[in-house]
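Subject: Structure handover

Hi,

Here is the structure I said I would pass on. Please load it first, then read the notes below it.

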Amino acid sequence: MLIHFDNSYADNLNGFYTSCKSEFYPAASLIKFNHTLAMQLGFKFDGLDENGLANIFSGNQMLEGSTPIAQVYAGHQFGHFSQQLGDGRALLLGEVVNEQGKRFDIQLKGSGRTPYSRSGDGKSALGPVLREYIMCESMHALGIPTTRALAAVTTGEKVVRNEPLPGGVFTRVASSHIRVGTFQFFAAQQETDKVKKLADYSIARHYPHLQDVDDPYLAFFTEVCEAQASLVAQWMLVGFIHGVMNTDNMTISGETIDYGPCAFMDYYAPDTVFSSIDKHGRYAYRNQPSIAQWNLARLGEAMLSLFGEDTEVTIPLVTKILEQFPEQYTQHWLVGMRKKLGLQSEEENDLNLINDLLAVMHQNNVDYTLLFRQLADVLHQDDVVYSLFEDASAVQEWVKKWLGRIARDSNDVEQSFTQMNQVNPIYIPRNHLVEEAIDAGVYSEDFSKFEALLEVTSKPFDLQTNKERYTSPADTDFNKSYKTFCGT
């Protein structure tokens with residue numbers, strides 16, 4: 001057996017999905033297979049050639065024990081509620097449990113129509129497949145909770161979007177695909193029994209330590225809020241912009257999911273938006289923490305029946321938990337920012353020090369990633385960081401304050417230098433490089449740039465020889481006009 005499936009979602013949550021099959025792609029071809037992840041999952045691929053892998057990860061060959069399903073969910077999309085969404089181009093093949101006892105979903109994206117496809121064809125163009133592979137593996141390398149990439153396949157057929165494009169199938173691995181929108185679907189149907197069943201399943205799968213507490217549902221809601229506060233803080237610390245923070249794109253596990261119109265910010269600007277469908281900047285970089293809180297409020301509404309019958313008691317309880325979110329987020333962000341600045345202790349004025357730096361970065365059009373990476377070199381008397389600023393004098397006064405703050409810490413400067421280089425990446429999947437890799441793959445069947453970008457970003461904190469082109473941002477004209485798109 002290539003892999004042993006243990007399908008708890010399909011076995012225990014009847015009515016939460018529809019069984020269906022993938023389309024058949026006779027000319028499917030393997031682009032990339034994540035051997036390291038496959039071994040971690042317990043996948044026995046010995047003796048399986050690329051054609052065999054392409055057949056499995058295009059959906060052509062169903063593995064023994066797989067029970068392919070499309071999950072149903074609802075969601076607020078740009079603030080507007082859609083009562084039924086669901087996996088319109090994805091199939092959950094099943095779940096695996098690795099040697100450490102951790103459970104994972106294996107899902108195909110782009111495998112064809114499902115009952116939730118609406119007017120779509122259920123397929124994926126190759127570009128979004130390559131983008132998601134690059135993005136989720138880069139986020140994993142950065143240490144940020146995320147879904148993972150197991151395989152990328154080209155289907156050998158064209159799909160029609162704005163133009164005919166090569167098709168692809170992406171294999172995603174997640175600790176689960178349970179979303180805020182999954183709870184919303186059954187709450188909207190007033191099926192409180194299913195909301196409870198989903199909550200019980202979610203607690204057992206993701207937060208088993210809560211099963212015996214006095215109020216497991218309120219405790220579950222509290223932990224989901226904490227997980228999201230931590231996750232979004234980590235996004236902000238590396239300049240990541242999700243681009244489509246709908247409630248159906250927020251997991252209760254606290255993993256980043258659904259890399260559609262996502263991007264990394266080059267020049268620091270809090271209002272940065274790249275998504276072509278985010279016309280009013282709802283999901284701009286600066287708004288991500290508040291949107292996460294808004295989404296969690298929708299989860300609280302969907303679970304309200306589980307917290308008790310007296311809403312005069314339960315609503316204030318949920319509200320109090322939600323009101324704690326900004327402080328939770330800020331604390332996670334502050335811990336991360338102190339590490340980025342090499343600070344070993346806490347001082348009351350740290351937030352002002354950080355905000356002063358961000359302000360001068362914004363005023364001087366400074367690259368976010370390069371600034372934090374090169375700032376550490378100041379501790380070694382290297383002033384290269386000043387070349388990032390249009391007006392170096394604007395940051396020199398700040399540097400004096402920061403060096404004074406470093407000096408007040410009990411640990412030596414070398415420890416700060418090491419710490420900064422451990423958390424500030426040199427390499428991120430910069431937007432122009434991502435587009436370059438996608439275009440080469442889509443239009444020229446050349447995946448060498450895709451492979452090279454994956455290789456460099458797999459070691460984001462380590463200086464690599466002859467990789468200077470991967471450190472530089474695109475020019476300002478590129479960023480001004482750059483737009484990202486959903487994969488549907």
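Start with helix H3. Its buried residues are Gly 52, Leu 53, Ala 54, Ile 56 and Phe 57. Keep in mind that this is a predicted model.

The buried residues of H3 pack against four strands: S2 (29-33), S7, S9 (148-160) and S10 (164-174). The N-terminal end of H3 is capped by Asp 49. A side-chain oxygen of Asp 49 sits 3.2 Å from the backbone nitrogen of Asn 51. After H3 comes Gly 59, with a positive phi near 95°.

Next, the hairpin. Strand S6 (residues 90-97) and strand S7 (residues 103-109) pair in the antiparallel sense, over 7 bridges. One of the partnerships joins Ala 90 to Lys 109 in S7. Between the two strands are 5 residues. Gly 101, in the turn, has a positive phi of about 85°. S6 has 8 residues and 7 of them are buried, so the strand is largely enclosed by the rest of the structure.

Pro 68 is in the loop between H3 (50-57) and strand S3 (69-71). Its relative accessibility is 14%, so Pro 68 counts as buried; the cut-off is under 20%. Leaving out residues up to four places away in sequence, Pro 68 touches Ser 19, Cys 20, Met 62, Leu 91, Leu 92 and Leu 93. Gly 281 is 213 residues from Pro 68 in sequence, and the C-alpha atoms are 37 Å apart.

Now Asp 258. Which loop holds Asp 258? The one between strand S11 (240-241) and strand S12 (263-264). Asp 258 has 13% relative accessibility and therefore counts as buried. Beyond residues up to four places away in sequence, Asp 258 touches Lys 109, Glu 132, Arg 172, Arg 179, His 242, Val 244, Asp 248 and Asn 249. Lys 109 is also the bridge partner of Ala 90 in the hairpin.

Last, the cores. The largest nonpolar core has 131 residues. Which of its residues touch the most other members? They are Phe 183, Trp 333 and Trp 402. Helix H7 (residues 216-238) gives the most to this core, with 16 residues. Another core, of 26 residues, lies apart from it and includes Ile 3, Ala 38, Ala 54 and Leu 93. Ala 54 is among the buried residues of H3, and Leu 93 is one of the residues that Pro 68 touches.

Back in the largest core, take Trp 402. Apart from neighbours within four places in sequence, Trp 402 is in contact with Leu 341, Leu 343, Leu 353, Leu 375, Val 378, Leu 379 and Met 420.

Best wishes

Notes:
Residues numbered from 1 in each chain as written. Predicted model: local features only at pLDDT ≥ 70, side-chain atom pairs only at ≥ 80, totals over all residues. Heavy atoms only, no water. Buried < 20%, exposed > 50% of the residue type's maximum accessible area, 1.4 Å probe, protein only. Pairing = 2+ DSSP bridges. Contact = heavy atoms within 4.5 Å. Core = buried A, V, L, I, M, F, W, Y, C linked by side-chain atoms within 4.5 Å. Polar contact = N/O pair within 3.5 Å; in protein donor to acceptor, adjacent residues only side chain to side chain.
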